[in-house]
Amino acid sequence: MIPAAFTYKKAGSVEEALSLLAEHGDDAKLLAGGHSLLPLMKLRLAVPEVLIDLGGLHELSYVREDGDEIRIGALTRHHDLEHSELLAREVPLLAHAAGTIGDPQVRHRGTIGGSLVHGDPASDLPAVALALDAVLVAQGPSGRREIPATEFFTDFFETALGEDELLVEIRVAKNPAQGWDFQKFTKRAIDWAVVGVAVAGDRVALVNMGPAPMRARGVEEALASGASPAEAAERAAEDTSPPDQASATADYRKHLAKVLVRRALEAAAARRA
């Protein structure tokens, strides 16, 4: 439970963080809130030679209104998302889901950017980003580029973010009148979800149902054809490959996905009404 030795660097700006990344390459890891990276380091599943601390980049912590969209700095903590009046009014799904993550200690340290870049299919916010059709803004040596959430999560713990890039912002469209809901089943409140689902309008995303965060395309197709929530939910397990473990088998997770999707769709419809 003791990490391997590493060199600690604290970035004073986005530009310095990018410079340190360029200097150290594959030997470096970025530290945001630390709740994803540090446990892996303690188990020595991640052994960076250089740790670049982003904690001082306060310019990447914000929730702002910009026309028809909301812009969120990548280092905005879960607690700030949960308690943002702007998000509660304009993107309530994100504010609500952030408030269900872990416990108060986790929410006061963990960041939205760290959660997304980690790319864990069992994490809540990647599914929320997919359901909201978010756009992720990356900055690298060549400047900034926008990556749709649907193209960001590529495989197990892998994303479309370049090795020389830093996630700096998340953009989501305002949707206060849109039906939404977030459901997850956990053994304890602080645990990763056995299965989870995020609904925003006619978009549905799943937690822990495959090697990467994913949309429930079968459910979305059923809804588009006029299916009821119960009918659409029957397609929740289509094209999924959930983990098969003694604590929760793949078949159990597929059944649970149908149950939670139905509940989420019904709750979203009630909010829309």
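Author: Helices, of at least four residues, and strands, of at least two, are DSSP runs numbered from the N terminus. The structure above is a predicted model.

Reader: Where is the place of R44 among these elements?

Author: R44 sits in the loop that runs between helix 2 (37–42) and strand 3 (50–53). Its phi is near 60°, which is a positive value in a residue other than glycine. R44 has a relative accessible area of 48% and is therefore partly exposed, since that class covers what lies between under 20% (buried) and over 50% (exposed).

Reader: What is the phi of F157, which is not a glycine, and where is its place?

Author: The phi of F157 is positive, at about 60°. F157 belongs to the loop between strand 8 (153–155) and strand 9 (158–159). With a relative accessibility of 33%, F157 counts as partly exposed.

Reader: Is A22 buried or exposed, and where is its place?

Author: A22 lies in helix 1 (residues 14–24). Its relative accessibility is 60%, so A22 counts as exposed. A distance can be added to this picture: 42 Å separates the C-alpha atom of A22 from that of K254, and the two residues are 232 apart along the chain.

Reader: I should like to turn to charged side chains. How many salt bridges does the count come to?

Author: The general idea is that side chains of opposite charge can pair when their charged atoms come close. The rule used here asks for a side-chain nitrogen of Lys or Arg within 4 Å of a carboxyl oxygen of Asp or Glu. In this structure the count is 17 salt bridges.

Reader: Which residue meets D66 in a salt bridge?

Author: D66 pairs with R71, at 2.9 Å from N to O. D66 has 36% relative accessibility and so counts as partly exposed. R71, with a relative accessible area of 23%, is partly exposed.

Reader: Are E169 and R171 buried or exposed?

Author: Both residues are buried. Their side chains form a salt bridge, with 2.6 Å between N and O.

Reader: Which parts of the chain does the pair of D181 and R271 link?

Author: The side chains of D181 and R271 meet in a salt bridge of 2.6 Å, N to O. This pair connects distant parts of the chain, for D181 is in strand 11 (residues 180–185) and R271 is in helix 12 (residues 250–272), 90 residues apart. The partners can also be read by accessibility: D181, at 5%, counts as buried, whereas R271, at 39%, is partly exposed.

Reader: Which residues do salt bridges that share partners join into one network?

Author: The network consists of D66, E69, R71, E146, E169 and R171. Two of the pairs discussed above thus reappear in it: D66 with R71, and E169 with R171.

Reader: Let us consider the nonpolar interior. Which residues of the largest nonpolar core touch the most other members?

Author: This core has 40 residues, and those touching the most other members are I72, L94, L116, L125, V128 and I170. Helix 8 (residues 124–131) provides its largest share, 6 residues. The core lies between domain 2 (58–173) and domain 3 (180–272), because both give residues to it.

Reader: What volume does the largest cavity have, and which residues line it?

Author: The search of the whole structure finds 1 cavity of 30 Å³ or more. The volume of the largest cavity is about 50 Å³. Its lining is made up of L94, I112, L116, L125, V128, A129, L132, I170 and V172. By class, these comprise 9 nonpolar residues, with no polar and no charged ones.

Reader: Which element gives the most to the lining of the largest cavity?

Author: Helix 8 gives the most, with 3 residues. At least two lining residues come from each of helix 7 (112–118), helix 8 and strand 10 (166–173).

Reader: Finally, which residues are the closest to the centre of the second largest pocket?

Author: The second largest pocket has a volume of about 370 Å³. It is lined by 19 residues, and A122, W192, A193, N208 and Q245 are the closest to its centre. The lining holds 10 nonpolar, 5 polar and 4 charged residues.

Reader: Why does the second largest pocket lie between domain 2 and domain 3?

Author: The reason is that domain 2 (58–173) and domain 3 (180–272) both give residues to its lining.

Key. Residues are numbered from 1 along each chain as its sequence is written. This is a predicted model: local features need pLDDT of at least 70, side-chain atom pairs count only at pLDDT 80 or more; totals for chains, interfaces and linings use all residues. Side-chain values use heavy atoms; hydrogens and water are left out. Buried means under 20% relative accessible area, exposed over 50%, partly exposed in between (1.4 Å probe, protein chains only). On a 1 Å grid over the protein atoms alone, a cavity is a set of points where a 1.4 Å probe fits but cannot get out, and a pocket is an open set with protein on both sides within 12 Å along at least five of seven lines; lining residues have an atom within 4 Å of a point. Grid points are joined across faces, edges and corners, and a volume is the space filled by probe spheres set on the points. Ala, Val, Leu, Ile, Met, Phe, Trp, Tyr, Cys and Pro count as nonpolar, Asp, Glu, Lys and Arg as charged, and the others, Gly among them, as polar. Domain bounds come from an automatic or database domain assignment. A nonpolar core is a set of buried Ala, Val, Leu, Ile, Met, Phe, Trp, Tyr and Cys residues joined through side-chain atoms within 4.5 Å.
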